[in-house]
Every structure is written in structure tokens, then in C-alpha cells.
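Please examine the structure shown below. The paragraphs that follow lead from one pair of strands to the next, and then to a sheet and a single residue within it.

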Amino acid sequence: MTAPGTRSGAPAAADTDDDLDVEEALALVREPRDPRAPGPDATAAPTAHGEHGHGGHSAHRHRATPWPQARETAARAARAAVRSGARRAPASVPLADALGLTLAAPLDALTDLPSFDTSAMDGWAVAGPGPWDVREEGVLAGHAQPEPLSDGEAVRIATGARIPADTTAVLRSEHGRLDAQGRLHPTREVVHGQDIRPRGQECRSGDQLLPVGTLVTPAVLGLAAAAGYDTVTVVPRPRAEVLILGDELLTEGLPHDGLIRDALGPMLPPWLRALGAEVTAVRRLGDDAKALHKAITSSTADLVVTTGGTASGPVDHIHPTLERIGAELLVDGVKVRPGHPMLLARTKENQHLVGLPGNPLAAVSGLLTLAEPLLRTLAAHPAPEPYTVPLAEAAHGHPYDTRLIPVVLRGDTAVPLHYNGPAMLRGIAAADALAVVAPGGAQQGAETELLDLPWAAAGIEVCFT
């Protein structure tokens, strides 16, 4: 069975010329590698966004949280916030604005569906046994209740039109013929009630159609509209604010003179929206401790996301700022690569802060490790069912930490992508998912848990609304 998130039409892993062409074009899959070369985490990658290297990591390795426990800690923190009343009150929103939200009230039928007997086909409404005399005026959808039929009488009817009283059945257009006198004859047996959708066939007024906690999908919107709703009551999106740190960042043009382009500013807001958040602000603070303090203490968001500054370098201000404001540090480092120096703190009773490392792929790791479970829980979204897929080839692991490796799905296997160092985005940009590789690595064929990327599983137009 093909795993969730498989790209339609993706070629299965096989040694064929076509597959090699695809992989060559991506320049990512099965790239030849010098076996003597160190793994992508073995040497320090170029730092970005205020991470300022990995100094101090070994000093607080004992404080680092195992990866599965870190994710559960984030979800538990959100549950505690909800219990304390931190979640915003349910809101009534128009159907057009409800996609991706969670129902906070049951969806009960406001009417019978269908609300009257309707024709399921184009053809004739007939009464009694044939042949039938055919009325001149037909019955169309959206028109008033037609006149009742008498035995031996028929009337042209369109799909969705109201059934005349005393109708025996609907005869499909292709199952009837008119003789020279204009009388209608069936070409096959007519069964009483055929092709009539009776009132209340789908539901009766007051029936519960969907319970609290249902995710609003396009199909749910269609059902709500059919049942007579203009608005639905939902759990509002949790609000997130992004603070971009680092004096070395450019917002346009080519890198120069020790300055680099900011990759996280363009990437994080839409990714957070894909995770169900409403992004209320994106602020660029540089490496300014006072500005960081003011931004955190004045924020009214449910989640503050910072980039960089989570290690112990000379301008890494996250830890000192959290200590200064009396924040409760829930996760201080995670046993995962990339992204080891991520953190989670409770800054207020109804607010949390996720500190992402500054290197781009490390930041993605932090986003999926800490921000995703927290936002999902605040938004009352169900946790995705974990699933595993065999690896198409061996995956290099870290001796002690979990590793998250971008993969593409080929048939029923996951193919690890190269360019997966902490500062690299080339692999994740082509990926369908991240493989969760346990300490020590995984051999070819090993069943490995995958974290779906929102756009691979749901489609860009759906997940970014």
C-alpha cells in the first residue's frame, strides 16, 4: 500500500533509465558519496540567523530531552494551557473561512435531506402502469410543487426536481419511448419508487451529522451548506508571532561581505499557517536583547517563534531573556539532529515560546518537533496516526540522537535525500516527508517512521488557506 503523502505518478524505486533521469534532475537522490567523508552533522555547518555555532551543546547534553518526549511535552503544554482557559472561545465563522478549522459544536441537520421527494434522474415521473399519456409542461429543478399525477399519466422531469404527488416511479429517459400518438411506453420493467430520492433519505432535521472535534474539510463544507448552514462554530486558529533574530541577515539581493539571505523569514509564516496557525506578525529584531525582551513581553500571541540565539554564543539572547522574564523552560535542547539547540518555554499562562535554531533545516526540525504538536493541540486537531515505510537505502544516523532526514516517496519505499545538513534546504525543498531515524542509523529496508509535510499530504491550496 502506498504511504500517505506519496506524489501521484511518482516512479517506484527501481534501477531503470527513467528513474535515474528523475533522480539526476533532482540532483538529490542516490548521489555518489565518498565513503570516507564524514556525515553531514560531523563538521560544523555555516551558521545562520543568530545560531552562532554549536558551542555549549555538550555542556548541557544531560538536559536535552529525547525527541519523542519533546514532542509529547509540547502537546502536554498545550493541553495544560487549554485546561487553564487559554484557548480562545469558539467562534462562528462563514463557511468560506472555516476550511482547516475544527468544529466546536456538533453539526446538526437544520432540515430533512433531501427536504422534499426529488427525482434522481432525467426522465418521466409516471403514475400507475403504462403506457402513459404525457403532459405538455415538464417539471424542472427549483420550481414550485407540480400538480399531482393521475393513474396513466406521466410528465417530463429533470434531476433534482420535486416529485409530483401520487408519482409511482421515475422512468429514465433511456428506458422509455414515445409512440406515434405521443404515449410513453417503458422499455424495461418499472419498479415502484425507482429513481426517487425520498424526503429525509440522508437525514432528518435534528440528526447529528458530525460531532465536535471534526476537522473541516471541503466535504464538510459541502455537507454544512446542504444542511442549511451559512456559518459553523469552530475552534479559532492559534495566533503565532515570528521574531527573526540575527544581525547578519539580508532581506533581498545576493549574500555579500559576511551577510547572508534570511531564509526563515519567507519560510516560517506560511509553514506555521500550514500547521493551522494565524500568523499575526513577523518582526526582524537583529541581535538586540532589549528589542527581544520587549517583543516577547508585549506579544499577545498564543505562540512566539524565535529564530536563532538558542545556543550560548556572545549574542545568543534567548536563554537570558527567558530567565529575566521568569519563563518556565519546558524543553532545553532535544536529542535530535539537526536542531539540537531548540527549546520550548511557557512565557505566560496562555503563551508559549518555541526557540528555533538559526540554521534553516535545524529550524524545520524544531518546527515539527515542538511547534507542530503545540499548535495541533491548541487547534484541537487530532494527532496523525504514525506510520512507517521501508527505506530504499541505508540512512546515516547519529550515535546518540534521533535524526530527521528528508525523503521522497517512491512507490512503497522512502528514498533519503542528500543535502540534509543543518544549514541546507535543498533536500527538504524536494521532500515528501522527514524520516525519523533512530540513533545508530537504519539499514536498507528498515521500517522507518515518517513525518508528512503538510503540502505533500494535503496539497498546497488546501494547507495554506
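In this predicted model, strand β24, made up of residues 388-390, pairs with strand β28, residues 447-452, in the antiparallel sense, and 3 bridges connect them. One of these links can be located precisely: V389 has T448 in β28 as its bridge partner. Strand β28 also pairs with strand β27, which covers residues 433-437; here 4 bridges join the two strands, and they again run antiparallel. Within this second pairing, A435 is matched with L450 of β28.

A further region of the chain contains an open sheet. Its 6 strands follow the order β9-β6-β8-β7-β11-β10, and their pairing is mixed. The strands β9 (169-172) and β10 (176-178) stand at the edges; each has a single partner strand, so one side of each is left without a neighbour in the sheet. From one strand to the next, the twist averages 35°.

The edge strand β9 is joined to β6 by 4 bridges, and these two strands run antiparallel. For example, G123 finds its bridge partner in R172 of β9.

Strand β6 spans residues 123-126 and includes A125. Is A125 buried or exposed? Its relative accessible area is 0%, and because buried means under 20%, A125 is counted as buried. Which residues does A125 touch, when those up to four places away in sequence are not counted? They are L149, E153, A154, V155, I157, P164, T167 and A169. In addition, A125 and L171 lie 46 residues apart along the chain, yet their C-alpha atoms are separated by 6.4 Å.

Terms used
Residues are numbered from 1 along each chain as its sequence is written. This is a predicted model: local features need pLDDT of at least 70, side-chain atom pairs count only at pLDDT 80 or more; totals for chains, interfaces and linings use all residues. Side-chain values use heavy atoms; hydrogens and water are left out. Buried means under 20% relative accessible area, exposed over 50%, partly exposed in between (1.4 Å probe, protein chains only). Contact means heavy atoms within 4.5 Å. Two strands pair if DSSP finds at least two bridges between them. Axes are lines fitted to C-alpha atoms, for helices over the stretch in contact, and angles run from 0 to 180 degrees between N-to-C directions.
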